[in-house]
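Me: I would like a close look at a single part of this model, followed by its setting in the rest of the chain. Please treat the surroundings of that part, and then the other places where local detail is available.

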Amino acid sequence: MNFNKKLIVIAFVGTILAIFWQELNTYYLQNTDSNRFGMIQTADEASYLVPPINYLSEGIWADNSDGITRFYQRPPGYGSIYMICTLILGKYALLGIKTIQILGYFFSILLIGKISILLLPKQKTALTAALITALLPMYSGFMYYTLTEGITPVLTLWTIYSYLNFNPSKKPFAVIIATSLLILVRPQMILLPFLFIAYHLLKREKKLALVISIGFIPFALWQLRTFSISNEIPGLHSIYSSKNNTLFRPTHEAMTNLFRIWESDGEQFHAAIAAIKNNRLDEALLEVPIEFHAEVKPILVEYERVLN
C-alpha cells in the first residue's frame with residue numbers, strides 16, 4: 001500500500017473515531033433536538049448564524065442585538081458558509097454544517113500527512129503525525145459545535161499546504177482562496193499569511209508574496225464596510241467594540257484576559273460574569289482561587305459597578 005492510500009485509511013479511521021466520540025458526547029449532553037442533527041448549540045450562534053438568516057429574509061447582514069455593532073460583530077466567513085447551506089439544504093442547513101466540519105476533520109488528517117512529507121520527507125514520520133491527529137480526541141473536540149473552531153483547523157492546514165506546495169508555474173487560485181477563507185472565518189489567523197509574505201519577501205520571491213496578498217482583499221472590503229458603518233477602524237475581534245451595547249464590551253475583554261491568568265474553562269468564567277451581573281459578587285469570587293481574592297475582589301467590585 002503506497003503512502004497516499006495509507007494516509008486515506010488513517011484519515012478515514014480517525015474520522016469514524018471522531019464521529020463516535022462526538023455522538024457519545026451529544027448523548028451525554030442530552031442533545032435530543034432532531035432539528036439540530038446532533039450539532040451542539042452555542043451562544044455565538046446569535047452573532048454567527050443570525051446575520052445570514054436576516055440577510056436572506058430582509059437583505060441586511062446584521063444580528064438581532066442592540067446597537068450599531070450588530071452589523072459587524074463577527075466576520076462573515078462562517079455565516080456565509082451557513083447561508084450557502086441554507087440556500088441549498090433549507091431546514092437541513094445545520095446538517096450541512098455538520099457534514100462540512102466532519103469532512104474538514106478528515107481532510108485535516110490528510111493535510112497533516114501531506115505537510116509533514118513536504119517538510120520532513122520521511123513517510124514514517126508523516127504517517128505517525130497523521131496517526132496521532134487521528135487517534136487523539138482533542139483534535140476533533142469542536143467538530144459538532146457551531147463555532148469557527150469547527151473549521152479553522154482545516155482552513156489553517158490548507159493555507160499552509162497551499163503555500164508550501166505553490167510554485168510560479170502553478171495557478172494561484174488555491175493560495176488566494178485558502179488565504180481569503182481563513183481570514184474571513186478567523187481574522188486572528190491573519191498573522192499566518194503575514195509571516196509567509198515576510199518569509200518570501202526575504203527570499204525575494206515576490207510573486208508568491210503578491211499572490212498571498214491578493215487573498216486579503218475580501219477581508220479588506222469587509223473592514224471597509226465596517227468603517228463606513230461605524231466610522232472607526234475595527235479591530236480583528238470587533239465584538240469588543242466600544243460601540244457594542246451588549247455585555248461584550250472592552251470591559252468584558254479585560255475581564256476575559258484577567259481570568260485567563262488562572263482559568264482555562266470558559267464556562268467557569270461565564271458563570272462568574274453572570275453572577276456579577278446579577279449582583280452576586282460572593283458567588284463570583286468562588287470562581288477565583290483564594291490566593292487571588294485580595295487583588296481581584298476590588299476589580300470585580302468595579303466591574304459590578306460598570307455593569308449596573
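Reply: Thr-86 has a relative accessible area of 24% and therefore counts as partly exposed, since that class lies between the limits of 20% and 50%. The model is a predicted one, and every value given here is computed from it. Thr-86 belongs to helix 4, which covers residues 77–89. Apart from neighbours within four places in sequence, Thr-86 is in contact with Leu-56 and Ala-93. Ala-93 falls within the range of helix 5, residues 93–119, and Leu-56 within that of helix 3, residues 50–58. A further relation to helix 3 is given by Pro-52: its C-alpha atom is separated by 8.9 Å from that of Thr-86, with the two positions 34 residues apart along the chain.

The loop that leads from helix 3 to helix 4 contains Ser-65. Ser-65 is buried, because its relative accessibility of 17% is under the 20% limit. The side chain of Ser-65 also makes a polar contact, at 2.6 Å, with the side chain of Asp-63.

Helix 5 offers two positions for closer inspection. Leu-111 is found in this helix and is buried, with a relative accessible area of 11%. Its contacts, leaving aside residues within four places in sequence, are with Val-154, Leu-157, Trp-158 and Tyr-161. Leu-157 is 46 residues from Leu-111 in sequence, yet their C-alpha atoms are 6.2 Å apart in space. Ile-112 lies in helix 5 as well. Beyond its neighbours within four places, Ile-112 is in contact with Ala-129, Ala-130, Thr-133 and Leu-157. From Ile-112 to Leu-157 the C-alpha distance is 7.2 Å, across 45 residues of sequence. Leu-157 is thus listed among the contacts of Leu-111 and also among those of Ile-112.

Further along the chain, His-200 lies in helix 9, residues 191–202. With a relative accessible area of 6%, His-200 is buried. A polar contact of 2.5 Å links its side chain to that of Glu-205. Not counting residues up to four places away, His-200 touches Glu-205, Leu-208, Ala-209 and Ile-212. Of these, Leu-208, Ala-209 and Ile-212 fall within helix 10, whose range is 206–214.

Between helix 9 and helix 10 runs a loop that holds Arg-204. In contrast to the buried His-200, Arg-204 is exposed, because its relative accessibility is 74%, over the 50% limit. Its backbone also deserves attention: phi is positive, at about 60 degrees, although Arg-204 is not a glycine. Most residues other than glycine have a negative phi.

A second example of this backbone feature is Asn-279, where phi is positive and near 60 degrees in a residue other than glycine. Asn-279 too is in a loop, here the one between helix 13 (266–277) and helix 14 (281–285). At 52% relative accessibility, Asn-279 counts as exposed.

Helix 13 itself includes Gly-266. Gly-266 is partly exposed, at a relative accessible area of 38%. The C-alpha atoms of Gly-266 and Thr-256 are separated by 9.1 Å, and the two residues are 10 apart along the chain.

These parts belong to a chain with 15 helices and zero strands. Its radius of gyration is 22 Å, which agrees with the value near 19 Å for a compact globule of 308 residues. Along the principal axes, the C-alpha trace spans about 65 × 45 × 45 Å. Buried residues make up 43% of the chain, and Ser-65, Leu-111 and His-200 are among them.

The contacts of the chain can be described by their separation in sequence. Among those between residues at least 6 apart, 65% join residues at least 24 apart; the pairing of Leu-111 with Leu-157, at 46 residues, is one of this kind.

Two surface properties complete the account. The accessible surface of the chain comes to about 17,000 Å², and 64% of it belongs to carbon and sulfur atoms. The chain carries 25 positive and 21 negative charges, and the mean positions of these two sets are 18 Å apart.

How values were computed: Residues are numbered from 1 along each chain as its sequence is written. This is a predicted model: local features need pLDDT of at least 70, side-chain atom pairs count only at pLDDT 80 or more; totals for chains, interfaces and linings use all residues. Side-chain values use heavy atoms; hydrogens and water are left out. Helices (H or I, at least four residues) and strands (E, at least two) are DSSP runs, numbered from the N terminus. Buried means under 20% relative accessible area, exposed over 50%, partly exposed in between (1.4 Å probe, protein chains only). A polar contact is a pair of N or O atoms within 3.5 Å; within protein, one must be able to donate a hydrogen and the other to accept it, and residues adjacent in sequence count only if both atoms are side-chain atoms. The radius of gyration is taken over C-alpha atoms; the globule rule is 2.2 Å times the number of residues to the power 0.38. Contact means heavy atoms within 4.5 Å. Accessible areas come from the Shrake-Rupley method with a 1.4 Å probe; for residues, only the protein chains shown count as cover. Lys and Arg count as positive and Asp and Glu as negative; His and the chain ends are not counted. The place of a charge is taken as NZ of Lys, CZ of Arg, CG of Asp or CD of Glu.
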